[in-house]
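Q: Could you take me through one part of this model up close? I'd like to know which side chains are tucked away and which are out in the open.

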Amino acid sequence: MRNKKIPLRKCIITGERLPKGELLRIAYSKDGALTIDPTGKAPGRGFYIVKRVEACEKAKKKNAIFHQLKMPEQESFYDELIAYVKSLEEPTNG
């Protein structure tokens, strides 16, 4: 039986090539809106970042996401992204 190929994607912040499941997809729609896409199926162009708070803070500091997309910065997007990644890292009590 053949092993299923694991799709790799590149993080736009760190440049690491990782399995798709270990990265967070950001969708960029035609109307210029950026959305966090945890399912990986939202419409629009997508790019990937690692699910680490340090990487998201580095992106905010250097304005990496908006610089790559050549669009004006939306400051609240970075705060939303950092909060989302922090919620993924926190263990749930249950």
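A: Happy to: here is a walk along one helix, what comes right after it, and a hairpin earlier in the chain. Please keep in mind that this is a predicted model.

Let's start with helix α1, which covers residues 53–62. Its buried residues are Val53, Ala55, Cys56 and Ala59. These four lie on the same side of α1, because they cover an arc of only 165° around the axis. Now turn to the face of α1 that points away from this buried side: there you will find the exposed residues Glu54, Lys61 and Lys62.

Moving on along the chain, Asn63 comes just after α1 and takes a positive phi of about 55°. Next is helix α2, made up of residues 64–69, and His67 has its place there. His67 counts as exposed because its relative accessible area is 61%, and the cut-off for exposed is over 50%. If you would like a distance back to α1, try Glu57: its C-alpha atom is separated by 15 Å from that of His67, with the two residues 10 apart along the chain.

For the hairpin, go back to strand β3 (residues 23–28) and strand β4 (residues 34–37), which pair in the antiparallel sense over four bridges. A handy pair to look for is Ala27 and its bridge partner in β4, Thr35. Five residues sit between the two strands of this hairpin, and in the turn Gly32 has a positive phi of about 90°.

Notes:
Residues numbered from 1 in each chain as written. Predicted model: local features only at pLDDT ≥ 70, side-chain atom pairs only at ≥ 80, totals over all residues. Heavy atoms only, no water. Pairing = 2+ DSSP bridges. Buried < 20%, exposed > 50% of the residue type's maximum accessible area, 1.4 Å probe, protein only. Arc of directions from axis to C-beta.
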